[in-house]
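Colleague: Could you take me through the charged side chains of this model, and how they pair with one another? I would like one connected account rather than a list.

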Amino acid sequence: MNDKDKDIKNQAAEQDNFSLNDDRRVKVLSPSALVMKRFFRNRLAVLGMIMLLSMFLFSFVGGLISPYSQDQQFYRTEEQMKEFAGVIRNKDFRYLNADGQKFGSVLQAKFQLAVQKKKPTFEYKDVVYQVEKEGEDLYAISSDGVLLAVAAKDIVNADGAELSFAIKHEALKAFTGGRKEFTADGKTYQVDGDGNIIDGGTVLGYISRFVVSAVSPDVVISRSFKEELETVIDEKGTEFQFVDEKGEEYSYEISYDATSLTWSVKQGKEVSVYDDYAEPSREHWLGTDTNGMDMLTRLMYGGRVSLIIGFIVVIMETVLGVILGGLAGYFGKWVDNLIMRIVDVFYCIPSMPLIIILGAAMDAMRVEPMTRMFYLMLILGFLGWPGIARLVRGQILSLREQEFMTAAEACGIRVSRRIFKHLIPNVIPQLIVSCTMALGSTIIMEATLSFLGIGVKFPFASWGNIITDVNDAYVMTHYWFVWIPAGICLLIAVLGFNFVGDGLRDAFDPKMKR
C-alpha cells in the first residue's frame, strides 16, 4: 500500500469518527447533557454543589453518628454559696416576760432610760415600776411586787424542750452571780463555767451572748455548729468545714460587716448544674451552649431543621405558584385578571409583621414546638407563592401561542394535559433556577425568625435559634464557639444554593458562552 492509499484510509477513519449517524453525536447534542456540561464547567456552580453536599452530609449523616441527641443536657458539679445565717454578739438587753405578763416596747425604752440614769424606778401612765439589779447586765422589773420581766444581755438557749421562765430567770441569776447551781420549779439544776444548764447530767440548754439566726425559718441551728462558728470568729477565721447531724459536710464562708456589726455566714454545697458555655474539649468539640447541650450535635440537628423547612416551604410555594400561574397564563381573560389581583393582594401583605403577630399568638397559646414548626412552614409557603405564579404565568403566555400548542389543541388533548404535560415541562428550567435561589432566602428567613424568638422553639434546634444566644455582648465576645459555627453553616448553605442557582441559570441559557 502506497502513501496515497494510507492517506485516503486515514481520512475515511476520521470521517467515520465524526459520522452524523453515530450514536455518540446524539449523546453530545442531548439537551440534558449540554446543560450538565455547561453546569460542571462553571467552577462556582461545582463549588456550590460541594458546599451543599457537605452541609447535607454534616446535618443528616452527622446526626446519625453523633453519640449525643439534640436535647441531651450535660451537667457539672460545682460549689454554690448561699446565705445561711447572721451572727451578732449581743450588746443590747433582751427581755423575758414572766408568765401571763406583757412588757412592751414603750416600757422597754423607759427601762433603758432608767438604767442609763441609774434610777431604781420609772413611771408610765401613773404606774410606778421597780428596777432591781440581780447580776451583771441582769435586771428584774416589777410593779406592786409582781415580777413583770427580766432584762439581760445574756441569752438562754434551749437544746431540746422549751425551758420555763423560772428556769431561765434563775439560771441567769446563777450564771451572772458565779454560782454553780440554782433551784427553780422545786428542782435543783447546775450551771457550769461554759453556761450549760444541767439536770442530772443532761444538758437542757446553755447561756451565751453569741446569737446565730438562720436565714430560712425551717433551719435549726445546732449548738455544736454555734460553738464551732464562735470559735472560728474568735480566731478571726473566714471559712471552715462542718459535718451536720446527718453526716453531710458543708463549707462555710464568714464575712464581717463593720456597719451593722454582724457576721454573715454563707453555706456552700456541691450541686449539679448545667455545664453551660463549656470550652471546646475532647468530649464536646465545639463546647456547650447555655443549656449545657453539645454544640456540634445541635448544629447537626439544626441543619436538618433549617434545610427541611427550606425545602418544604419551597415545594409548597412551587405547587401553589405552578397551579395558579399555569391557570392564569393559559386561560387569560378574567381568570388571569382574578389570579393576578390575588397575587397583588399577597404582595401588599406585610409578611414580617404578620409573622411576628402570629408568633406572639402561638406563644400566648403555648403551641407545642413541633406543631409550631408546621405552622411556620405553612405560613412561609402560603406567603411566598406569588413570585413563582408570576414567573409561570409569563412563561406560559409566551409558550401557548407556539406551534406545538396549536397542534396539541388540534389533536383534542384535554386542557389539564396541555397545561401540565406540554406547558409546565417547558417552564421547569426556569422553575429550577427560581426554586434553588428561593431555598437560600427561605433558610435566611427561618434563621431570622428563629433569632427573633418567633421561629423554631426549644428543644428543637435550628441555625437561627442557635445564634439566639448572641443577644448578650458578653456571650458574643467570650463564647465564640456558640454562634460563629452556626453562622458559618448558614453562610455555606445559602452561598451553596446561590452558586448552584447561578450555575443552573447559566447552564439553561443557550446564549451563554463557555
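Modeller: What follows is an account of the salt bridges, then of a charged surface patch, and lastly of some strands and a loop.

Please keep in mind throughout that this is a predicted model. With a salt bridge taken as a side-chain nitrogen of Lys or Arg within 4 Å of a carboxyl oxygen of Asp or Glu, the count comes to 15 salt bridges. One of them joins the side chains of arginine 89 and aspartate 234, with 2.1 Å from N to O. Because arginine 89 belongs to strand E1 and aspartate 234 to helix H7 (residues 223-234), this pair ties together parts that are 145 residues apart in sequence. Arginine 89 is partly exposed, its relative accessibility being 32%, and aspartate 234 is likewise partly exposed, at a relative accessible area of 47%.

Another salt bridge is formed by aspartate 344 and arginine 390, whose closest N and O atoms are 2.8 Å apart. Here too the pair links distant parts of the chain, since aspartate 344 sits in helix H9 (residues 333-348) and arginine 390 in helix H12 (residues 386-399), 46 residues apart. Aspartate 344 has a relative accessible area of 26% and so is partly exposed, while arginine 390, at 37% relative accessibility, also counts as partly exposed.

The salt bridge between the side chains of arginine 372 and aspartate 363, at 2.8 Å from N to O, brings in a buried partner. Buried means under 20% relative accessible area, and arginine 372, with a relative accessible area of 2%, is therefore buried. Aspartate 363, by contrast, is partly exposed, with a relative accessible area of 36%. Beyond these pairs, Arg76, Glu78, Asp275 and Asp276 are linked with one another in a network of salt bridges.

Charge also gathers without such pairing, in a patch of negative charge on the surface that is made up of Glu79, Glu239, Glu253 and Glu270. Patches are made of residues with over 30% relative accessible area and no salt bridge, and glutamate 253, which is partly exposed with a relative accessible area of 36%, therefore meets the accessibility part of that rule. Along the chain, glutamate 253 has its place in strand E14 (residues 249-257).

Turning from charge to the backbone, strand E8 (residues 181-184) pairs with strand E9 (residues 187-191) in the antiparallel sense, over four bridges. Within this pairing phenylalanine 182 stands opposite tyrosine 189 in E9. E8 and E9 form a hairpin with two residues between them, and in its turn aspartate 185 has a positive phi of about 55 degrees. E9 is joined in turn to strand E10 (residues 196-199) by two bridges, and these strands run antiparallel. Glutamine 190 has isoleucine 198 in E10 as its bridge partner. The hairpin of E9 and E10 has four residues between the strands, and glycine 195 takes a positive phi near 85 degrees there.

Last comes proline 67, which lies in the loop between helix H4 (43-65) and strand E1 (75-89), the strand that also holds arginine 89. At 66% relative accessibility, proline 67 counts as exposed, because exposed means over 50% relative accessible area. Proline 67 and leucine 138 are 71 residues apart in sequence, and their C-alpha atoms are 72 Å apart in space.

Definitions and conventions. Residues are numbered from 1 along each chain as its sequence is written. This is a predicted model: local features need pLDDT of at least 70, side-chain atom pairs count only at pLDDT 80 or more; totals for chains, interfaces and linings use all residues. Side-chain values use heavy atoms; hydrogens and water are left out. Patches are made of residues with over 30% relative accessible area and no salt bridge: like charges are joined within 9 Å, nonpolar side chains (Val, Leu, Ile, Met, Phe, Trp, Tyr) within 5 Å. Accessible areas come from the Shrake-Rupley method with a 1.4 Å probe; for residues, only the protein chains shown count as cover. Lys and Arg count as positive and Asp and Glu as negative; His and the chain ends are not counted. The place of a charge is taken as NZ of Lys, CZ of Arg, CG of Asp or CD of Glu. Buried means under 20% relative accessible area, exposed over 50%, partly exposed in between (1.4 Å probe, protein chains only). Two strands pair if DSSP finds at least two bridges between them.
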